[in-house]
Amino acid sequence: MLLIVIACILGLFLFKYLRKIIAFQFIIAVVAIVWVIPRIIESQSYSFNWAKQPDAIENVKFKKRPNVYIIQPDGYVSFNEMKNELYDYDNSKFETFLEDNNFKVYNNFRSNYYTTLSSNTSMFTMKHHYYNNPKPNFNELYNAREIMAGSNPVVSIFKQNNYKTSLIVESPYLLVNRPKLNYNYCNINYSEIPFLSKGFEFYKNVNEDLEAAIIKNSKSDNFYFIEKLSPGHISTLEKDSKGKEEERKIYLKRVEEANKWLKSMIGIINNYDNNALIVIVSDHGGFVGFDYTRQSKTKQTDRDLLYSVFSVNLAIKWPDNIAPEFDDKLTTSVNLFRVLFSYLSNDKKYLNHLQDDKSFIIINNESPFGVYEMINEKGEIVFFEYVN
């Protein structure tokens, strides 16, 4: 009602300037078109050549056929990094819980990129994208959702091996672009998502949705990707930050909540499927030590700060509690599925084309804008600009 009253009052005083207002709107529209047309051309000419595989892994045939669960707690940093002075947190009880439930913990695992979309896109294509020629003021990989939730080699490989594939997410964040889904099932329907969504308007109970899917898919071989925005990370923007120490406390409180969720999730899976391949893998670290996450895009060589960005939690429950002899190849997320597919196929030839275990970020402060290698294959801190 207030808006209607204000609109009527403005109409009384501004109606005589209607032509000037229309002219001004026309000028704004022309300016917008000048900016939009190159974006349209870019979207139509976008090339996915970077995602092509160097071998025949897309034709891999599985010899082992367990149900596969990829559980992604967003922003869950590794147990090792939680012990350092930035986090200063004892998470040994949960680590012991995982080991008691036959999980093998990989403490030196890290992501290749610093955001959910850029990291998951690399993981699901099993290839580096190096942000695919990013532009200033554009912080994310183009078409990332279309690749991650839509067509990607990992989901296609599972489907080719007659697995039913399910995408179970807590929020519509990965779906706001409305990509053409390649999964057989998703727990969020596009009709539920507002057209002007940022992806956080509502939240699903992923435990209930997973349990319902497991019951429904009891007669098929299944691949599940389950994602929950927990524990997340510190504030993204400077204006929202409460300072390093307060951000740390908030993050660690969410870690405790994430632990409870993961215990519940593992309990549900074990109740229905006691010999599954269960992978807990986060997408990036918690950024504790920074005031806000975007601060990490400033030139940085501090080891603990960079590992706070890239170090992630990886724990795997292998069927029959027997890990493959080559699980030492599990160093970064870009190679996760190559190792899993080598295990499922009993064929180590797919390990011949592992990607570089390097971690990259877009830097736009205190160095020229560009994509920089921050951690090399040995886990050492470096600072090299990637040039395509």
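These are my notebook entries on one protein chain, starting with the whole and ending with two of its elements.

**Entry 1: the whole chain**

I'm working with a predicted model, so I kept that in mind throughout. I counted up the secondary structure and got 11 helices and 10 strands. Next I looked up the radius of gyration, which is 23 Å, close to the 21 Å that the globule rule gives for 388 residues, so the chain is as compact as a globular protein of that length. Along the principal axes, the C-alpha atoms fill a box of roughly 80 × 50 × 40 Å.

**Entry 2: inside and outside**

How much of the chain is buried? I found that buried residues make up 52% of the 388. The chain exposes about 18900 Å², and carbon and sulfur atoms supply 53% of that area. I also checked the contacts between residues at least 6 apart in sequence: 73% of them join residues at least 24 apart.

For charges, I have 45 positive and 45 negative side chains. The centres of the two sets lie 7 Å apart.

**Entry 3: strand β9 and its partners**

I picked β9, residues 370–375, and asked how many of its residues are buried. It's six of six, so I wrote "mostly covered" beside it, with buried meaning under 20% relative accessible area.

Which strands does β9 pair with? One is β8 (residues 359–363), joined to β9 by five bridges and running antiparallel to it. I looked up one pair here: Ile-362 has Val-371 in β9 as its bridge partner. The β8 and β9 hairpin has six residues between the strands, and Glu-366 takes a positive phi near 70° there.

Another partner is β10 (residues 381–385), also antiparallel to β9, with three bridges. Here Tyr-372 stands opposite Glu-385 in β10. These two strands form a hairpin as well, with five residues between them. In that turn I noted Gly-379, with a positive phi of about 85°.

**Entry 4: helix α5**

Then I moved on to α5, residues 116–125, where 10 of 10 residues are buried. Among them are Leu-117, Met-123 and Phe-124, along with Ser-118, Ser-119 and Asn-120.

What covers them? My list includes the helices α6 (144–150), α7 (153–160) and α11 (336–345). It also includes the strands β1 (68–73), β5 (221–228) and β6 (277–281).

Last thing I looked up: Met-126, just after α5, takes a positive phi of about 60°.

Definitions and conventions
Residues are numbered from 1 along each chain as its sequence is written. Side-chain values use heavy atoms; hydrogens and water are left out. Helices (H or I, at least four residues) and strands (E, at least two) are DSSP runs, numbered from the N terminus. The radius of gyration is taken over C-alpha atoms; the globule rule is 2.2 Å times the number of residues to the power 0.38. Buried means under 20% relative accessible area, exposed over 50%, partly exposed in between (1.4 Å probe, protein chains only). Contact means heavy atoms within 4.5 Å. Accessible areas come from the Shrake-Rupley method with a 1.4 Å probe; for residues, only the protein chains shown count as cover. Lys and Arg count as positive and Asp and Glu as negative; His and the chain ends are not counted. The place of a charge is taken as NZ of Lys, CZ of Arg, CG of Asp or CD of Glu. Two strands pair if DSSP finds at least two bridges between them.
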